[in-house]
Amino acid sequence: MFSRPSLDRAWIVALSLVATSSGVAATGPCDIYSSGGTPCVAAHSTTRALYGSFSGALYQVSRGSDGSKSDIFPLSAGGVANAAAQDSFCAGTTCLITIIYDQSGHGNHLTQAPPGGAASGPDANGYDYLASAVGAPVTLKGQKAYGVFIAPFTGYRNNNAKGTAVGDQSEGLYAVFDGTHYNKACCFDYGNAETTNTDPGNGHMEAIYFGQGDGWSGSGSGNGPWIMADLENGLFSGFDPHNNPANPTISSRFVTAVLKGGPNKWAIRGGNAASGGLSTYYNGVRPNNGYNPMIKEGAIILGIGGDNSNGAQGTFYEGVMTTGYPSDDTENAVQANVVAAGYATTDLTSGPKLTVGSSISLRATTACCTTRYIAHTGATVNTQVVSSSSSTALKQQASWVVRTGLGNSACFSFESKDTPGSFIRHSNYQLAVNANDGSKLFGEDATFCPQAGLNGQGNSFRSWSYPTRYWRHFNALGYIASNGGPHDFDSATSFNDDVSFVVGASFA
């Protein structure tokens, strides 16, 4: 005769095996958590349904051309998001993710984050930016979907969540992230946070953090990134507030991050979201100095810290929060379900193809400016009138060599023809030509993803690290601009024309 724990474990394993054999729709992570006695109280994903029976809206997008909004649903109950519906709705314009719906039935939807004690966002009324709807394409079992690409100053929040853990109550969390998208700023979080957008003291948060740390609190082995816990006034990789050598640097493209906490106990676990199981990086008592008991407040954040610290970056695909302290067996079954979902990379570019090593010119398509080309004067990127009769120096200044993306090899970087080793990069939203210093930041700032021109001509060049922003000529200078925003160069007037360029043969 089986004991009750053995029966529970067998049932959980059976659920995960059903998911493994059928890919999607048979069961979801929240079905597994429920079977383990720790049901989801928040379930967020732009890539797939997290319950086998869920057929409601996953997220909402808003398009730049007219401000219209559309909900995106799974292709079928329990299935992958209908990316084709988004592509159709957003064709010829830009789109932002305005709502990430809660699939748990608690109504814990995530919307644009308001200002907080640490920072006000750059958008209207101090709100953070919304994420691009096209910045993080992936496939699940070969079906296209989009994740949530969090650039700095981007964030989502719900300060009125229902059913989430408060005080010292137990909870579990997991999320699937892009293991290659991170920085050292605070704080790329998903999970439990303050309801006031401020920092009232230690122990008021319990959120998954992913990145290289904030430079003064926790770390793991190697150089990072690491899966850690943001418990407020500290990123913790384990009991020690500074370092846990058992918490490894993450190297997988897709990562499953797991955090759970209860009265004077908590754990961090992680694994490759595309293969294999979970490992435990810490399992023990709470840290000292105000973290036992916890004083969780129950708000939900994504991409920011509890006080709206908004300098971090990362990519989110799916995640949940549960009531109760999930067992390792339950989490292992969830990991098997995530692996079975089949996360994989896909193209980041579209439109007319570029060839690495080719020399090109880039002609503006706005009616005023069709004789003007992307060029540079010293470090300043601008547009200038260039023709076959122009000086040799100007022809060289308006010619560029296509290189593999310095920050992401799926996109491109553009080396100056007349200043080898220098590339177009963005800095404070302005395009500049600077020497490659080999840093991670430079590589990301100098990487752009071409897509079909938004006005139907040539290409538009989307910033990889700020995918709501595109190359734009504005008053003859080069910027990365959004389709409407806080800066004059973000004007929606003639946006599609100003961000579309025809690629041609170089002048030199």
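Trainee: Why is R472 called buried in this model?

Mentor: This is a predicted model, mind you. R472 has a relative accessibility of 1%, and buried means under 20%, so R472 counts as buried.

Trainee: Where does R472 sit in the chain?

Mentor: In strand β31, which covers residues 470–474.

Trainee: What makes the link between the side chain of R472 and the backbone oxygen of S491 a polar contact?

Mentor: Distance is one part of the test: the N or O atoms have to be within 3.5 Å. The side chain of R472 reaches that S491 oxygen at 2.6 Å. There's also the backbone oxygen of T493, 2.7 Å from a polar atom of the R472 side chain.

Trainee: Which residues does R472 touch, leaving out those up to four places away in sequence?

Mentor: Among them are L477, Y479, F489, D490, F495 and V499. S491 and T493 are on that list too.

Trainee: Zooming out, how many helices and strands does the protein chain have?

Mentor: Seven helices and 33 strands.

Trainee: And why is the chain called as compact as a globular protein of its length?

Mentor: Its radius of gyration is 23 Å, and the globule rule gives 23 Å for 508 residues, so the two are close and the label follows.

Trainee: How much of the chain counts as buried?

Mentor: 56% of the 508 residues, R472 being one of the buried ones.

Trainee: What share of contacts with a separation of 6 or more comes from residues 24 or more positions apart?

Mentor: That share is 67% in the protein chain.

Key: Residues are numbered from 1 along each chain as its sequence is written. This is a predicted model: local features need pLDDT of at least 70, side-chain atom pairs count only at pLDDT 80 or more; totals for chains, interfaces and linings use all residues. Side-chain values use heavy atoms; hydrogens and water are left out. Helices (H or I, at least four residues) and strands (E, at least two) are DSSP runs, numbered from the N terminus. Buried means under 20% relative accessible area, exposed over 50%, partly exposed in between (1.4 Å probe, protein chains only). A polar contact is a pair of N or O atoms within 3.5 Å; within protein, one must be able to donate a hydrogen and the other to accept it, and residues adjacent in sequence count only if both atoms are side-chain atoms. Contact means heavy atoms within 4.5 Å. The radius of gyration is taken over C-alpha atoms; the globule rule is 2.2 Å times the number of residues to the power 0.38.
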